[in-house]
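Visitor: I've got a structure open and I'd like to learn how to read it. Could you walk me through helix packing and pockets?

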Amino acid sequence: MIEFVPINLWGIGTAVLAAWAVAGLWYSPLLFMGPWAEMSGVDGAKFAAGLRRAIAVDLASFAVMAFILDQVLHAWGALTIVSTVLCTFLLWLGFVAVTLLHSVTYEHRPLRYYAINAGYRLVSMMAMGVILTVLR
């Protein structure tokens with residue numbers, strides 16, 4: 001039987017901030033904003049108009065993801081960075097990577113679009129997992 005462990009507020013809060021920082025960098029002009037915007041069809045005005053709402057949704061979704069990831073890492077018994085990275089990778093592969101494939105198959109988006117979005121989720125989940133493990 002799986003039991004929920006106590007909520008690690010510091011770890012979850014720090015993980016949320018780390019995922020938000022990864023998002024800010026990943027989708028910045030420094031990295032992938034240009035190609036992502038072109039392939040997604042979101043122009044600068046549309047992006048700016050929905051930014052406050054998008055940030056609020058991101059922070060809430062990061063909090064849910066960090067909470068669940070923390071619970072799964074405990075259930076998995078991931079006590080080291082190596083076991084955390086393996087567990088997080090398997091969760092990403094089994095749930096995130098395959099789910100995002102619809103953008104290529106049904107939405108007919110380029111594989112590069114998928115790679116940008118899936119890569120971002122992988123990096124943000126890894127950052128969250130490592131932080132949650134270190135801040136136990």
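Guide: Sure, let's begin with a pair of helices: α4 and α5 make a right-handed crossing. Keep in mind that this is a predicted model.

Visitor: How do people describe a pair like that?

Guide: Two packed helices are described by the angle between their axes and the distance between the axes. Here, α4 and α5 pack at about 120°, and their axes are 10 Å apart. That angle makes α4 oblique to α5.

Visitor: Which residues make the contact between α4 and α5?

Guide: From α4 you have Leu69, Val72, Leu73 and Trp76. On the α5 side, look for Ser83, Thr84, Leu86, Cys87, Thr88, Leu90 and Leu91. Sorted by class, this contact of α4 with α5 has eight nonpolar residues, three polar and no charged.

Visitor: Okay, next pair. At what angle do α5 and α7 pack?

Guide: Helix α5, residues 81–100, packs with α7 at about 150°, with the axes 9 Å apart. Angles over 145 degrees count as roughly antiparallel, so that is how α5 and α7 lie to each other. The crossing of α5 past α7 is right-handed.

Visitor: And who meets whom there?

Guide: Among the α5 residues in this contact are Val85, Phe89, Trp92 and Leu100. They belong to a set that meets α7 residues including Tyr114, Leu122, Met125 and Val134. The contact of α5 with α7 divides into 15 nonpolar, five polar and one charged.

Visitor: Is the crossing of α2 and α7 left-handed or right-handed?

Guide: Left-handed: that's how α2 passes α7. Four residues of α2, namely Pro35, Trp36, Met39 and Ser40, touch Arg112, Tyr113, Ile116 and Asn117 of α7. By class, that contact of α2 with α7 has five nonpolar, two polar and one charged residues. The axes of α2 and α7 come within 10 Å and cross at roughly 125°, so these two helices are oblique to each other.

Visitor: Now for the pockets. How does anyone find empty space in a protein?

Guide: Rolling a probe the size of a water molecule over the atoms shows where empty space is left. In this model, the largest pocket has a volume of about 730 Å³.

Visitor: How many residues line the largest pocket?

Guide: It's lined by 26 residues, and Tyr27, Trp36, Phe47, Ala54 and Asp58 lie nearest its centre. The elements giving two or more residues to this lining are α1 (9–26), α2 (33–40), α3 (44–49), α4 (51–76), α6 (102–105) and α7 (111–134).

Visitor: Which helix gives the most to the lining?

Guide: That's α7, with five residues.

Visitor: And what kinds of residues make up the lining of the largest pocket?

Guide: They split into 15 nonpolar, seven polar and four charged. To see a link with the helix pairs, find Trp36: this residue is in the contact of α2 with α7, and Trp36 is also one of those nearest the centre of the largest pocket.

Note on methods:
Residues are numbered from 1 along each chain as its sequence is written. This is a predicted model: local features need pLDDT of at least 70, side-chain atom pairs count only at pLDDT 80 or more; totals for chains, interfaces and linings use all residues. Side-chain values use heavy atoms; hydrogens and water are left out. On a 1 Å grid over the protein atoms alone, a cavity is a set of points where a 1.4 Å probe fits but cannot get out, and a pocket is an open set with protein on both sides within 12 Å along at least five of seven lines; lining residues have an atom within 4 Å of a point. Grid points are joined across faces, edges and corners, and a volume is the space filled by probe spheres set on the points. Ala, Val, Leu, Ile, Met, Phe, Trp, Tyr, Cys and Pro count as nonpolar, Asp, Glu, Lys and Arg as charged, and the others, Gly among them, as polar. Axes are lines fitted to C-alpha atoms, for helices over the stretch in contact, and angles run from 0 to 180 degrees between N-to-C directions. Angles under 35 degrees count as roughly parallel, over 145 as roughly antiparallel, 65 to 115 as roughly perpendicular and the rest as oblique. A crossing is left-handed if the near helix is turned anticlockwise from the far one by less than a right angle, and right-handed if clockwise. Contact means heavy atoms within 4.5 Å.
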